[in-house]
Amino acid sequence: MAGRINDDDVKVVRDAVPIDTVVSEYLQLRPAGGGNMKGLCPFHDEKSPSFQVSPSKGLFHCFGCQEGGDTIAFVMKIDHLSFSETVERLAAKAGITLRYEEGGYNPTHQRGERIRLVEAHKAAADFYVEQLGGEEAAIGRKFLAERGFDQSAAEHFGVGYSPAGWDHLTRFLRGKGFSDKELLLAGLSQDGRRGPIDRFRGRLMWPIRDISGEVVGFGARKLRDDDNGPKYLNTPDTAIYKKSQVLYGVDLAKKDIAKASRAVVVEGYTDVMACHLAGITTAIATCGTAFGTDHIKILRRLLMDNGSARVIFTFDGDAAGQKAALRAFEDDQKFAAETYIAIAPDGMDPCELRLNKGDAAVQDLVEPRTPLFEFAIRQIVSRYDLETPAGRASALDEAGPIVARIKNGASQHEVAVQLAGILGILDTQFVVKRVAQMARWARDRGGRGPAGPASSSSSASSSSSSYDSGQSPALSGPALNLRSPAHRTERELLKLALQRPELVSPAFDAYGVDEFTAPPYAAVRRAVEDAGGAEQGMASAPEYLAGVREAAPNDAVRALVTELAVEVFHGKTIDEAYAGEQLVRVRLRAVDLRIHDVTSTLARLGTGADHERHQAVQNELWVLQQYRQSLRNSGAAAL
């Protein structure tokens, strides 16, 4: 049985690895105010950032899809790891040695499958790099030299060589403690007639890393004529490698892509190397598959879809390259960034261009010139005889729907005008109207989609009932519509209690759960109370918030705690005066409600009621009214 990680070690790991550092490995973060950071959520598609990270609290929350939690929860979600695998991975990053209960630590049996596969790939990458210096690998070194790559370039990109024998790597990794099952699951070995053999043999090897920098697969280039395999052989899809979800070079390029708001998409491993060595450090490539939706998601998170973002596709000038460019255009509208195409003269790829004309030619190649939509339209139009009315009409019928798919109305109009010019149709407005008509047809065929969200009252009711019943919320989005001033104030006070407890303690801890009129907020108030009160947060914010989240009765309340812990305050200045104002408003609301209840009781008692009972109710009403007046006159001093 696998040993459980010591609880104290889990806490040390959670505190040791800053959440913003971890999240920044997957997406670009920018300041969001109040010490928080924001970016495009990696868990759902969005065009404006609703994903927030609070470094001081060690929490993240997306106000769009409601995902949230701490560093461990983020890594578990984004990399599909178990809890123990995540803690082990973060511990390794921080250089922390973990202790295991129930019989100690056996690295072979107790480490999670994903981590074992990653470790096998790292060991394989080191093995291949060492082999590149051997006599057998001379053919590989020659291949690199002929393309302008020296030893330092090979080292920078981790290029290696797989020996031509049947099982050199397999035997090496067995010696490192990896089982045959693990090697087969990793895609490093494959079944042979007498047991596992190496998948890659006699090839030049490029390690493929995920966005966090871990080796998850390999690309292998054929070197010898007697190799009957394909020119490039990639790792098969495994538990850690999905070719449609990785971009070669993204680990090296991600920071510069985010900094420059620009990405250059090339076709192969050597093209990425050539671009980086020529100073284009934002170059990345797909791994033996077409550029698709999952690749777009990776780039969008890095580019954060700001208005100045640029994506430049470089494709070979041959028919296959043009086809790839048109395929890329199919997904063009999923970018908020401007997309361009760059095709080198004489059909050369970036690697050939650098070898023949130098670094400056590569730099010039990727300067944005031809918008991708323009290239796609010209490719379509080139198939028709524009000298005849029939040819122009047919070209419009095929190219028009391309333009009609542009979602931005102003851009669509502008491109339609350009299309008229390309076609040689003098009646520009005819083309513009025709494209608009095609856009309407497309929308009608697609339908209007599902019905809109439920009304605010039903949304609040459904969400509230989920907190009452202990079930997860049925609806996405905030717990409440927040049209109610009372609810807005309760939310603000809870945010203060979670984020700035020193401003509301000890007064907040004297507030009853029933002073929070919205059931979700009452549930959070109860969780704070069960965790020891807001006063606990004055010592250590991460520990305090972890305690509140643990005290939450279900996932719905836990998610709301995280949401409130990272949400930006509404006030411009968050100080004692602001905190006092929220405390007073919530208390006033509670006092008003109690006065209403007592007044109703007094009316029901009437004049014939027991004198002592009637007097007691009147006294309570008088005390409440005096307290209300004091709160209005003195503010927080009356609490």
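**Exercise 1.** In this predicted model, determine which residues form one aromatic cluster with Tyr26, and where Lys77 lies relative to Phe43.

*Solution.* The cluster consists of Tyr26, Phe43, Phe51, Phe60 and Phe74. Turning next to Phe43, one finds Lys77 over the face of its ring, at 5.7 Å from the ring centre. A second placement of this kind involves Arg587, which lies over the face of Tyr511 at 4.0 Å from the ring centre.

**Exercise 2.** Establish how many aromatic pairs a search of the whole structure finds, and classify the pair of Tyr128 and Phe218 as stacked, tilted or edge-to-face.

*Solution.* The search of the whole structure gives 18 aromatic pairs. For Tyr128 and Phe218, the ring centres are 5.1 Å apart and the planes stand at 90°, so the pair is edge-to-face. Because Tyr128 belongs to helix H6 (residues 113–131) and Phe218 to strand S10 (residues 215–222), the pair ties together parts that are 90 residues apart in sequence. Both Tyr128 and Phe218 are buried.

**Exercise 3.** Work out how many disulfides a search of the whole structure finds, and why Cys62 and Cys41 do not form a bond.

*Solution.* The search of the whole structure finds 0 disulfides. The cysteine sulfur closest to that of Cys62 is in Cys41, and the two do not form a bond because their separation of 3.6 Å is too far, the cut-off being 2.5 Å. As to burial, Cys62 has 0% relative accessibility and counts as buried; Cys287, likewise at 0% relative accessibility, counts as buried.

Conventions: Residues are numbered from 1 along each chain as its sequence is written. This is a predicted model: local features need pLDDT of at least 70, side-chain atom pairs count only at pLDDT 80 or more; totals for chains, interfaces and linings use all residues. Side-chain values use heavy atoms; hydrogens and water are left out. Buried means under 20% relative accessible area, exposed over 50%, partly exposed in between (1.4 Å probe, protein chains only). Rings of Phe, Tyr and Trp (its six-membered ring) pair if their centres lie within 6.5 Å; planes under 30 degrees apart count as stacked, over 60 as edge-to-face and the rest as tilted. Helices (H or I, at least four residues) and strands (E, at least two) are DSSP runs, numbered from the N terminus. A charge sits over a ring if NZ of Lys or CZ of Arg is within 6 Å of the ring centre and within 35 degrees of the ring normal.
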